[in-house]
Amino acid sequence: MPRTPAAPTAPPIATDSPTATPTHCPYCALQCGMSLRAAETGVEVVERTDFPVNRGALCGKGRTAPAVLSSRVRLTEPLVRRPATGRLEPATWEEALVKIAEGLGRTREVYGPDAVGVFGGGGLTNEKAYALGKFARVVLSTSQIDYNGRFCMSSAAAAHQKAFGLDRGLPFPLEDIPRTGCVILVGSNLAETMPPALRYLTELKENGGTLIVIDPRRTRTAEQADLHLAPRPGTDLALALGLLHIVVSEGRTDDAFIQDRTGGWEEARSAAMAHWPEMVERITGVPVPQLRDAVRMFCDAEAGMVLTARGPEQQSKGTDTVGAWINLCLATGRAGRPLSGYGCLTGQGNGQGGREHGQKADQLPGYRKLTDPAAREHVAGVWGVDPDSLPGPGRSAYELLDALGGDIKSLLLMGSNPVVSAPRAAHIEERLRSLDFLAVADVVLSETAAIADVVLPVTQWAEETGTTTNLEGRVLLRRKALDPPPGVRTDLEVLHSLAALLGHEKGFPSDPEEVFGELRRASAGGPADYSGISYRRIADEDGVFWPCPDDSHSGTPRLFLDRFATPDGRARFVPVTHRPAAEETDAEYPVILTTGRVVSQYQSGAQTRRVDELNAAAPGPFVELHPRLAERLGAAEGDRLAVVSRRGRAVAPARITEAIRSDTVFMPFHWPGEGRANTLTNPALDPTSRMPEFKVCAVRIERVQD
């Protein structure tokens with residue numbers, strides 16, 4: 001695929017302006033406030049110092065986001081693959097839409113509705129995610145829909161549901177973090193993944209609080225910690241159990257809280273007591289004195305929080321791992337109280353809202369279960385269809401992608417780039433290529449779009465209005481600031497047109513506020529109840545926290561203070577025990593690979609790799625390794641190294657640092673080609689969340705002789 005030219009560097013950030021359009025950053029789950037204003041160079045970013053989440057601060061990605069609006073780097077007309085040349089070539093919208101309708105319709109007729117798949121994204125607005133789920137179930141009648149958010153927060157979501165009866169990333173607003181006494185941050189590098197949030201940890205320490213960071217690498221975030229624990233990747237579950245063992249043995253449990261507000265303690269306690277500190281040290285590599293220091297710091301504080309991210313969650317035991325950290329919070333009374341609790345640092349821009357309104361395989365809007373007859377009846381009533389016509393749950397994300405070309409013959413994909421982002425990526429690329437028909441709607445010609453049969457150019461964040469829900473559960477309004485280039489349409493317009501071509505002329509409006517109004521009705525009475533939230537309220541109140549069941553309700557910034565969302569109002573301890581990673585090291589593959597992000601790129605890099613300034617800061621992949629490992633290999637800084645797993649081979653230059661364990665290497669996952677980290681990663685799935693094990697796989701390292 002020819003390289004898409006990079007966008008020009010964005011202009012410097014400007015100060016507050018009454019003529020600018022207030023909106024939000026298109027990237028991570030902070031959804032930082034910003035405004036956009038017309039400028040000679042196109043559009044410029046203006047600070048929104050009054051927005052409470054980021055208070056005007058932006059990272060380099062947010063500051064340069066307008067660069068991707070340039071027609072030089074994006075799609076501006078539909079593309080259709082021509083049989084005569086085998087190439088994607090320009091087409092009219094009418095031709096492209098008809099080809100998609102015919103491709104999906106033909107598959108349904110020949111093989112049945114479940115031979116058609118739909119794959120969404122955690123960056124889609126709430127309106128788009130809602131409409132996409134409705135389109136799959138009502139127009140296509142397929143159960144085969146899931147989205148890339150399955151690869152992000154699904155383990156934490158499953159653990160939330162088990163323990164608390166409700167999944168919202170943070171049960172408290174970010175503003176509470178600096179006011180607590182101790183934060184345990186597990187598997188998160190906030191300084192690089194969401195830099196404006198680092199100030200909350202800085203303010204925590206300024207207020208006299210303490211920070212414990214758990215990460216196999218000494219990251220920029222870990223450098224801020226009062227205590228840094230560096231466990232072997234894949235052993236976070238044992239670490240959490242070892243800490244709970246010490247809490248019990250030292251008499252630090254909150255017995256009154258356990259008795260009054262929880263259930264299942266004895267079983268969880270027994271499971272934890274099988275993980276004595278010396279055993280945990282052997283498993284994790286974390287010395288017993290450090291384990292005891294962590295317990296002392298956490299329990300001596302009057303209030304405390306545990307925050308997890310992808311490190312412990314992207315494992316084949318991610319749900320149990322998060323459950324163990326929740327058990328630690330419950331046993332010490334650090335949940336359901338002011339300035340205390342467990343929270344998940346959701347990653348994608350609409351990772352929270354994207355998992356609430358129907359693009360997941362097992363879900364209906366409002367975080368309702370697809371298997372619940374009452375939920376089916378309610379949502380079917382809003383949609384004007386028979387509840388029995390709604391299909392049941394389908395495959396999870398990786399299982400859906402793995403079935404392409406087999407049971408699933410055609411795929412409609414929106415806002416995702418699995419050629420780069422999926423585990424065992426070379427295999428998934430083969431599956432995508434084996435489809436009878438692939439249609440992609442995207443902003444840019446991503447690596448996945450480049451192998452499609454039809455590609456539709458769609459609008460970006462600044463060119464459309466819609467809502468997102470950030471990691472706090474705060475529903476926000478992105479406002480349209482400028483018109484898209486001619487030839488570009490919104491995703492809602494695409495779904496409206498496809499639905500009409502497939503026989504559903506009504507029910508799929510293209511106006512986002514109208515779609516949101518329907519979403520409010522569909523979510524009413526559900527766990528994620530948006531029925532009291534309107535565009536006007538969001539604008540007037542800097543966002544509204546769900547649940548918000550009616551217009552007079554003030555929203556819910558803090559959950560669980562009176563009761564948990566379980567039938568009896570009690571939180572549930574879940575007994576868990578340590579087990580190895582799905583793939584342990586051996587003589588042939590003696591090193592652990594873990595993956596992650598760097599500050600100047602985002603996810604699969606489809607957008608950020610098109611910005612000159614970001615590419616200058618992070619031009620390509622690398623292999624981070626410890627000097628002792630480099631010495632054994634005879635490798636020097638910058639040498640090309642091959643990282644080989646049971647699934648494939650990736651090549652990138654060496655970056656040697658003492659900031660990583662000597663038994664572990666790290667690769668960022670933003671790039672395609674020979675440095676594609678996800679060529680190596682293991683698709684072993686968590687049995688509950690169906691999360692692949694991105695964070696742990698066995699590899700060997702070889703020097704590449706040029």
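In this predicted model, the side chain of Lys409 lies over the face of Tyr111, at 5.1 Å from the centre of the ring. A contact of the same kind involves an arginine: the charged end of Arg168 sits over the ring of Trp546, and the distance to the centre of that ring is 5.9 Å.

From charges over rings we can turn to rings that pair with one another, of which a search of the whole structure finds 11 pairs. One of them joins Tyr130 and Trp383 in an edge-to-face arrangement, with 6.2 Å from centre to centre and 70° between the planes. Because Tyr130 belongs to helix 3 (residues 126–139) while Trp383 belongs to helix 14 (residues 373–383), this pair ties together parts that are 253 residues apart in sequence. Both partners can also be placed with respect to the surface: Tyr130 has a relative accessibility of 2% and therefore counts as buried, and Trp383, at 10%, counts as buried as well.

A second ring pair is formed by Phe516 and Tyr535, whose centres are 5.4 Å apart and whose planes meet at 45°, so that the pair is described as tilted. Phe516 lies in helix 19 (residues 512–523) and Tyr535 in helix 20 (residues 535–541), so here the parts tied together are 19 residues apart in sequence. Phe516 and Tyr535 are both buried. Elsewhere, ring pairs link Phe164, Phe560 and Phe564 into a cluster.

Opposite charges supply another set of contacts, and the count of salt bridges comes to 42. Among them is the one between Arg48 and Asp542, in which the closest N and O atoms are 3.7 Å apart. This salt bridge links distant parts of the chain, since Arg48 is found in the loop between strand 3 (42–47) and helix 1 (60–63), whereas Asp542 is found in the loop between helix 20 and strand 21 (544–545), 494 residues apart. The two partners also differ in their surroundings: with 9% relative accessibility Arg48 counts as buried, but Asp542, with a relative accessible area of 24%, is partly exposed.

Helix 20 holds a salt bridge of its own, between Arg537 and Glu541, with the closest N and O atoms 2.9 Å apart. These two residues are 4 residues apart in the helix, which means that about one helical turn separates them. Arg537 is buried, having a relative accessible area of 12%, while Glu541, at 36% relative accessibility, counts as partly exposed.

In the salt bridge that Arg572 forms with Asp568, the closest N and O atoms are 2.8 Å apart. Arg572 counts as partly exposed at 28% relative accessibility, and so does Asp568 at 42%. Salt bridges may also join several residues, as they do for Glu175, Asp176, Arg179 and Arg558, which are linked in a network.

The last stop is a pair of strands. Strand 4 (residues 79–82) and strand 5 (residues 87–90) run in the antiparallel sense and pair over 4 bridges; within this pairing, Val80 has Glu89 in strand 5 as its bridge partner. The two strands form a hairpin with 4 residues between them, where Gly86 takes a positive phi near 75°.

Key:
Residues are numbered from 1 along each chain as its sequence is written. This is a predicted model: local features need pLDDT of at least 70, side-chain atom pairs count only at pLDDT 80 or more; totals for chains, interfaces and linings use all residues. Side-chain values use heavy atoms; hydrogens and water are left out. Two strands pair if DSSP finds at least two bridges between them. Rings of Phe, Tyr and Trp (its six-membered ring) pair if their centres lie within 6.5 Å; planes under 30 degrees apart count as stacked, over 60 as edge-to-face and the rest as tilted. Buried means under 20% relative accessible area, exposed over 50%, partly exposed in between (1.4 Å probe, protein chains only). A charge sits over a ring if NZ of Lys or CZ of Arg is within 6 Å of the ring centre and within 35 degrees of the ring normal. A salt bridge is a side-chain nitrogen of Lys or Arg within 4 Å of a carboxyl oxygen of Asp or Glu.
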